[in-house]
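Colleague: Before we discuss this model, could you put the sequence and the structure in front of us, so that I can ask about particular places in turn?

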Amino acid sequence: LAEQLNGTGVTAYSCHPGIVMTELSRYMMEEQNQDLKTAGWLAKQMAYLLAKYFEQMQFTAPDGALTQLHLSVADPGELQTGGFYHPIGKLVGGGRHSQGSNSTLAKLVWTETARMIHEAGF
């Protein structure tokens, strides 16, 4: 998108909001608990410890929006258009996701997106 909009004055960024505590994983616990029913004591203890550790790494929903908010209000001159940002507003990987330099994939994504937008009547 950044390449397609180059020279138009419009900037584009991609971001990873972090691990955000939302209801998206509400069904995961039930599945994990089913799997643990047949696990041994050590596996259950490890799962419990990992779950507690994982909980500490999660952002609240409002905090999970901070990277997107940062990208929307920051001075564009301080950001890299086409850049890939991690929480909170940290440019990573030289500014590109590992697949960001894949021109074949970029063309495919652009073509398919345009097709879907057209099919939706926009």
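Modeller: Please bear in mind throughout that this is a predicted model. One residue to begin with is E112, which at 30% relative accessibility counts as partly exposed.

Colleague: Which residue forms a salt bridge with E112?

Modeller: E112 lies in helix α5, and a residue three places apart from E112 in that helix is separated from it by about one helical turn. The residue at that spacing is itself partly exposed, with a relative accessible area of 35%. The closest N and O atoms of the pair are 2.7 Å apart, which is within the 4 Å that defines a salt bridge, and the partner of E112 is R115.

Colleague: Which residues are linked with R115 in a network of salt bridges?

Modeller: R115 also forms a salt bridge with a residue four places apart in helix α5, about one turn of the helix, and the closest N and O atoms of that pair are again 2.7 Å apart. This further partner is exposed, because its relative accessible area of 57% is over the 50% cut-off. The residues linked with R115 in the network are therefore E112 and E119.

Colleague: Where is the salt bridge between K52 and E55, that is, in which helix do both residues lie?

Modeller: The side chains of K52 and E55 meet at 3.6 Å, N to O. K52 counts as partly exposed at 36% relative accessibility, and E55 is partly exposed as well, with a relative accessible area of 40%. The two are three residues apart, about one turn of the helix, and both lie in helix α2.

Colleague: Is L42 buried or exposed?

Modeller: L42 is found in helix α2, which spans residues 41–57, and together with W41, M46, Y48 and L49 it makes a nonpolar surface patch of about 630 Å². The relative accessible area of L42 is 56%, and because this is over the 50% cut-off, L42 is classed as exposed.

Colleague: Is T67 buried or exposed, and what are its contacts outside its own stretch of sequence?

Modeller: T67 has its place in helix α4, residues 66–73. Its relative accessible area is 1%, under the 20% cut-off, and therefore T67 is buried. Leaving out residues up to four places away in sequence, T67 touches C15, H16, Y85, H86, P87, I88 and G89.

Colleague: How far apart in space are T22 and G64?

Modeller: T22 is found in the loop between β1 (14–15) and α1 (28–36), where at 35% relative accessibility it counts as partly exposed. Although T22 and G64 are 42 residues apart in sequence, their C-alpha to C-alpha distance is 9.6 Å.

Colleague: Which helix gives the most to the lining of the largest pocket?

Modeller: The largest pocket has a volume of about 810 Å³. It is lined by 30 residues, and those that lie nearest its centre are L1, A2, E3, G100 and A106. With six residues in the lining, the helix that gives the most is α5, residues 103–119.

Colleague: To close, how many salt bridges does the count come to?

Modeller: One of them joins K52 and E55, another joins E112 and R115, and R115 also forms one with E119. With a side-chain nitrogen of Lys or Arg required within 4 Å of a carboxyl oxygen of Asp or Glu, the count of salt bridges comes to three.

Note on methods: Residues numbered from 1 in each chain as written. Predicted model: local features only at pLDDT ≥ 70, side-chain atom pairs only at ≥ 80, totals over all residues. Heavy atoms only, no water. Buried < 20%, exposed > 50% of the residue type's maximum accessible area, 1.4 Å probe, protein only. Contact = heavy atoms within 4.5 Å. Patch = residues over 30% accessible without salt bridge, like charges linked within 9 Å, V, L, I, M, F, W, Y side chains within 5 Å. Areas by Shrake-Rupley, 256 points an atom, 1.4 Å probe, with all protein chains shown as cover. 1 Å grid on protein atoms, 1.4 Å probe; cavity = no way out; pocket = protein on both sides within 12 Å on 5 of 7 lines; lining within 4 Å. Points joined across faces, edges and corners; volume = space filled by probe spheres on them.
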